[in-house]
Amino acid sequence: MKTQVGIIGAGPAGLLLGRILQSHGIDAVVLERRSRDYVLKRIRAGVLEQGTVDTLRQYGVAERLDREGLPHTDMKLFWKGERHSIPMTGEGGRRMTTYGQNKIVEDLVLRREADGLPLIFDAEVKAIEGVTDRPIIHYAVNGEPQVLECDFVAGCDGFWGVSRQHIPDAAAHSFEKVFPFSWFGLLAEAKTSTETRGFCHSERGLAVSSSRGPDVSRLYLQVPPDFDMASMSDDQIWDELSLRLANQYGKTLNRGPIIDKAVVRLRGFICEKMVHGRLALAGDACHTVPPSGAKGLNLAVGDVRLLSEAIFSLLRENDDRKLARYTELALQRIWPTVHWSCTMSDVFHIFPGQTAFDTRRQYEVLNFWAYDEIGQKVFRENMLGRPLPQY
């Protein structure tokens with residue numbers, strides 16, 4: 001099989017890149033190692049920056065988002081048993097919107113399938129050769145070897161994917177911080193409320209209450225790195241969430257059946273070498289953010305916007321100048337965004353061996369964000385997201 005762009009990975013980055021390329025008349029094949037059912041059911045983040053919403057609208061995949069997305073007018077922070085609210089509307093009406101990443105993936109998959117474009121699931125990529133000239137992707141479907149010849153390869157296959165392995169010296173250009181705790185993520189059929197939605201600093205550990213729709217709650221608890229999900233009953237989980245999110249107004253979480261559970265280790269990771277020949281990385285393949293900033297999906301969308309422009313210039317005009325600048329421009333947004341997510345992690349979690357002095361320092365940051373005019377602006381602008389650099 002031959003195409004112009006081979007896209008490895010059918011997450012938001014790969015699928016959106018395929019959609020953008022399609023709208024500009026560039027052919028692409030998307031390869032995904034997981035099954036279609038797995039991809040559509042995979043639960044991930046769901047807080048979208050305005051730029052992400054605008055991009056999905058621009059490329060015709062925001063009909064359900066506009067119907068079901070939940071706008072944020074403020075962000076609530078909880079600490080010391082008190083609730084504090086920070087206005088979250090920026091200049092020009094910029095705001096954040098809650099809409100599940102799994103829904104974005106489903107919207108993009110269904111649109112690509114309806115358009116009859118190649119999207120191959122259960123496709124395990126084995127190797128990429130000829131990256132500096134004419135790339136060839138070797139993959140297997142149900143054990144049967146296949147070959148995809150292309151003019152360019154986009155590695156959108158996540159932190160554990162194979163694409164980064166084909167970037168020479170990628171490890172030497174990578175930076176990583178692994179936090180000494182995990183998040184226990186929960187999806188529950190429980191009505192959400194703006195009164196209990198937000199980030200909580202508790203001496204028992206972080207808690208997060210968010211939503212994936214009016215009747216679906218997304219919740220997180222800070223847990224040890226080796227946490228066993230079976231060690232807590234559902235009632236114990238709800239009790240712990242209620243303890244951590246307690247507030248002076250007496251507002252409590254709505255409870256309901258827990259329909260999904262997962263444990264994820266927190267890490268910050270950046271690979272500063274994102275291009276080699278005719279292979280480029282985007283999304284989690286070149287950066288991972290702690291979920292405390294809700295930035296992974298939004299960073300991926302920014303990468304794809306920049307990378308798509310570079311691909312247009314390369315394939316249409318044989319001009320590689322934008323591709324040569326892709327990494328530089330992407331990193332202008334990646335580093336400060338990953339830094340912000342790590343800062344959120346530093347402030348809201350209880351670390352092993354944490355002292356009362358450390359906790360008071362966290363309170364100082366939280367007070368700065370909640371009550372200082374400059375602090376509110378810092379928090380709001382970082383949460384709303386940085387503008388995309390321009391070529």
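**Exercise 1. The contact of helix 8 with helix 9**

Which residues in helix 8 meet which residues in helix 9? Identify them in this predicted model, then classify the contact by residue character and by the angle between the axes.

*Solution.*
Step 1. On the side of helix 8, the residues are W340, T343, M344, D346, V347 and F348. Their counterparts in helix 9 are Q362, V365, L366 and W369.
Step 2. By character, the residues of this contact divide into seven nonpolar, two polar and one charged.
Step 3. Helix 8 covers residues 321–348 and helix 9 covers residues 356–371. Their axes come within 8 Å and cross at roughly 120 degrees.
Step 4. Angles of 65 to 115 degrees count as roughly perpendicular and those over 145 as roughly antiparallel. The two helices are therefore oblique to each other.

**Exercise 2. The course of helix 8**

Compare the expected span of helix 8 with the distance between its end C-alpha atoms, and locate its kink.

*Solution.*
Step 1. Helix 8 has 28 residues, and at 1.5 Å a residue it should span 40 Å.
Step 2. The end C-alpha atoms of helix 8 are 42 Å apart, which agrees with that expectation.
Step 3. Helix 8 nevertheless contains a kink of about 35 degrees, centred on L331.

**Exercise 3. The eight-stranded sheet**

Establish the strand order of the sheet that contains strand 5 and strand 14, and trace its pairings from strand 6 to strand 16.

*Solution.*
Step 1. The sheet is open, with eight strands in the order 6-5-14-15-16-13-17-20 and mixed pairing. Strand 6 (82–87) and strand 20 (287–288) are the edge strands, each pairing on one side only.
Step 2. Six bridges link strand 5 to strand 6 in the antiparallel sense, with M75 opposite I86 in strand 6. These two strands form a hairpin with two residues between them, and K80 in the turn has a positive phi of about 55 degrees.
Step 3. Strand 5 (residues 74–79) pairs with strand 14 (residues 198–201) in the parallel sense over four bridges. Within this pairing, L77 has F199 as its bridge partner in strand 14.
Step 4. Strand 14 is joined to strand 15 (residues 207–213) by three bridges, and the two run antiparallel. C200 has A207 as its bridge partner in strand 15. This pair also forms a hairpin, with five residues between the strands; G205 in the turn has a positive phi of about 120 degrees.
Step 5. Strand 15 and strand 16 (residues 216–223) are antiparallel over six bridges, and S210 stands opposite R218 in strand 16.

**Exercise 4. Helix 9 and the sheet**

Which strands does helix 9 lie across, and at what angle does helix 9 run to strand 5?

*Solution.*
Step 1. Helix 9 lies across strand 5, strand 6 and strand 14.
Step 2. The angle of helix 9 to strand 5 is about 155 degrees.

**Exercise 5. The three-stranded sheet**

Describe the sheet in the order 9-10-11 and explain why strand 9 and strand 11 each have one side without a neighbour in the sheet.

*Solution.*
Step 1. Three strands make up this open sheet, and the pairing is antiparallel.
Step 2. Strand 9 (123–129) and strand 11 (144–149) stand at the edges with a single partner strand each, so one side of each lacks a neighbour in the sheet.
Step 3. From one strand to the next, the twist averages 25 degrees.
Step 4. Strand 10 (residues 136–141) is joined to strand 11 by six bridges, and I137 stands opposite L148 in strand 11.

How values were computed: Residues are numbered from 1 along each chain as its sequence is written. This is a predicted model: local features need pLDDT of at least 70, side-chain atom pairs count only at pLDDT 80 or more; totals for chains, interfaces and linings use all residues. Side-chain values use heavy atoms; hydrogens and water are left out. Axes are lines fitted to C-alpha atoms, for helices over the stretch in contact, and angles run from 0 to 180 degrees between N-to-C directions. Angles under 35 degrees count as roughly parallel, over 145 as roughly antiparallel, 65 to 115 as roughly perpendicular and the rest as oblique. Contact means heavy atoms within 4.5 Å. Ala, Val, Leu, Ile, Met, Phe, Trp, Tyr, Cys and Pro count as nonpolar, Asp, Glu, Lys and Arg as charged, and the others, Gly among them, as polar. The expected span of a helix is 1.5 Å times one less than its number of residues. The bend at a residue is the angle between axes fitted to the seven residues ending there and the seven starting there. Two strands pair if DSSP finds at least two bridges between them.
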